[in-house]
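User: I should like a close look at one part of this protein, set out as a single connected account. Please relate that part to the interior and to the chain as a whole.

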Amino acid sequence: MSIHISAEKGQIAPSILLPGDPLRAQFIAENFLENPVQFNKVRNMFGYTGTYKGERVSVMGTGMGQASLSIYVNELIRDYGCTKLCRVGTCGGLTKDVKVRDLIIGMSASTDSAINQIRFQGMDYAPAPSFNLLLKAYNAAMARKMPVHVGKIISSDSFYTEDPDQWKLWARFGVIGVEMEAAELYTLAAKYGVEALCVLTVSDHLVTGEATTSAERELTFKSMLEVGLEAVLSK
Ligand code: HPA
């Protein structure tokens, strides 16, 4: 048991998918894993372990935002030995070449958060994913003929920013998607010497104002999950 996760040691697999929404974790366990067993209910942050293509894989919600994700990911790595962590979520599209429902694999994660400012005493750190996981995710997306972009993302601490045009600055510097968790995931993975990746579907678009319906999100979410699962498999 750790402070926020009630699992026994050994109940969580080294490879884990991390959706923001705990009900997504339940959905993934029930629809993609064989013989899923629930390992956490604390705060309704559901977590499960089962098998995918014969390998043990876990899935657990992280909640929204870097502060919430940070608590779970610290404990998953430190207390439960997770070594391959893949966030699967949604993001806002920031450039015209990215369309709603496209897949984005986060090659770097900038942030407007103070978490790393504090951690690195005012200096900048460049949170980046595992190239190994990134390559496997990219190959899985290509094999499925999915529209995929490997690019820069921004992990914002605010969904409702004070300045509604804030995102334009990031877009000018080549950032293609906005979400709220990846920078802390990548930073923690680097700190502990493990592998992490963030795979996203574009759920809404800040340039065009387009948004996906929940039925559409469901469809693309399923393909994204396969990509995330392939990324954390050993082969
Ligand atoms: N902003 C932040 N996070 C998001 C967004 C957004 O527009 N869309 C999906 N996740």
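Is serine 6 buried, partly exposed or exposed?

Analyst: In this predicted model, serine 6 counts as partly exposed, with a relative accessibility of 26%. The cut-offs explain the label, because buried means under 20% and exposed means over 50%, with partly exposed in between.

Serine 6 sits in the segment before strand S1. When residues within four places in sequence are set aside, the contacts of serine 6 are Met1, Phe39, Asn40, Lys41, Val42 and Tyr80. The C-alpha atom of serine 6 is 29 Å from that of serine 113, a residue 107 positions away in sequence.

The neighbouring isoleucine 5 has its own set of partners. Beyond four places in sequence, isoleucine 5 touches Ile12, Phe39, Asn40, Met60, Tyr72, Glu75, Leu76 and Tyr80. Phe39, Asn40 and Tyr80 thus appear among the partners of isoleucine 5 and also among those of serine 6.

Isoleucine 12 belongs to the segment before strand S1, which spans 15-18. Isoleucine 12 has a relative accessible area of 4% and is therefore buried. Its contacts, leaving out neighbours up to four places away, are Ile5, Ala7, Phe39, Thr49, Arg56, Ser58, Leu76, Tyr80 and Cys82. Cysteine 82 is 70 residues from isoleucine 12 along the chain, yet their C-alpha atoms are separated by 7.5 Å.

These isoleucines lead into the interior. The largest nonpolar core contains 67 residues, and Ile5, Ile12, Leu17, Ile28, Leu85 and Leu197 have the most contacts inside it. Helix H7, residues 214-232, supplies the largest share of this core, namely 7 residues. Another core, of 5 residues, lies apart from it and includes Leu94, Ile154, Trp167 and Val175. In soluble globular proteins, nonpolar side chains tend to be buried together.

Leucine 197, one of the residues with the most contacts in the largest core, is found in strand S9, residues 195-205. With a relative accessible area of 0%, leucine 197 is buried. Its partners beyond four places in sequence are Leu85, Cys86, Arg87, Ile105, Gly106, Pro129, Leu133, Leu134, Ala137, Leu185, Tyr186 and Ala231. The C-alpha atoms of leucine 197 and glycine 228 lie 8.5 Å apart, with their positions 31 residues apart along the chain.

Two of the partners of leucine 197, Leu185 and Tyr186, are buried residues of helix H6. Helix H6 covers residues 182-192, and 8 of its 11 residues are buried, so this helix is largely enclosed by the rest of the structure. Besides Leu185 and Tyr186, the buried residues of H6 are Ala182, Ala183, Glu184, Thr187, Leu188 and Ala189. Glycine 193, just after H6, adopts a positive phi of about 70 degrees.

Positive phi values also occur outside glycine. Most residues other than glycine have a negative phi. Asparagine 44, however, has a positive phi near 60 degrees, and this residue is in the loop between strand S2 (34-40) and strand S3 (47-52). Lysine 53 likewise takes a positive phi, of about 50 degrees, although it is not a glycine. Lysine 53 lies in the loop between S3 and strand S4 (55-60) and counts as exposed at 56% relative accessibility.

Glutamine 117 offers another example of a partly exposed residue, with a relative accessibility of 41%. Glutamine 117 is placed in helix H3, residues 115-119, and its contacts beyond four places in sequence are Gly122 and Asp124.

The account closes with the chain as a whole. The protein chain has 7 helices and 9 strands. Its radius of gyration is 17 Å, close to the 18 Å that the globule rule gives for 235 residues, so the chain is as compact as a globular protein of that length. Along the principal axes, the C-alpha atoms fill a box of roughly 45 × 45 × 30 Å. Of the 235 residues, 53% count as buried. Among contacts with a separation of 6 or more, 77% join residues 24 or more positions apart. The accessible surface is about 10,900 Å², and carbon and sulfur atoms account for 56% of it. The chain carries 23 positive and 25 negative side chains, and the centres of these two sets are 5 Å apart.

Terms used. Residues numbered from 1 in each chain as written. Predicted model: local features only at pLDDT ≥ 70, side-chain atom pairs only at ≥ 80, totals over all residues. Heavy atoms only, no water. Helix = DSSP H or I, 4+ residues; strand = E, 2+ residues; numbered from the N terminus. Rg over C-alpha atoms; globule rule 2.2 N^0.38 Å. Buried < 20%, exposed > 50% of the residue type's maximum accessible area, 1.4 Å probe, protein only. Contact = heavy atoms within 4.5 Å. Areas by Shrake-Rupley, 256 points an atom, 1.4 Å probe, with all protein chains shown as cover. Lys, Arg positive; Asp, Glu negative; His and termini not counted. Charge placed at Lys NZ, Arg CZ, Asp CG, Glu CD. Core = buried A, V, L, I, M, F, W, Y, C linked by side-chain atoms within 4.5 Å.
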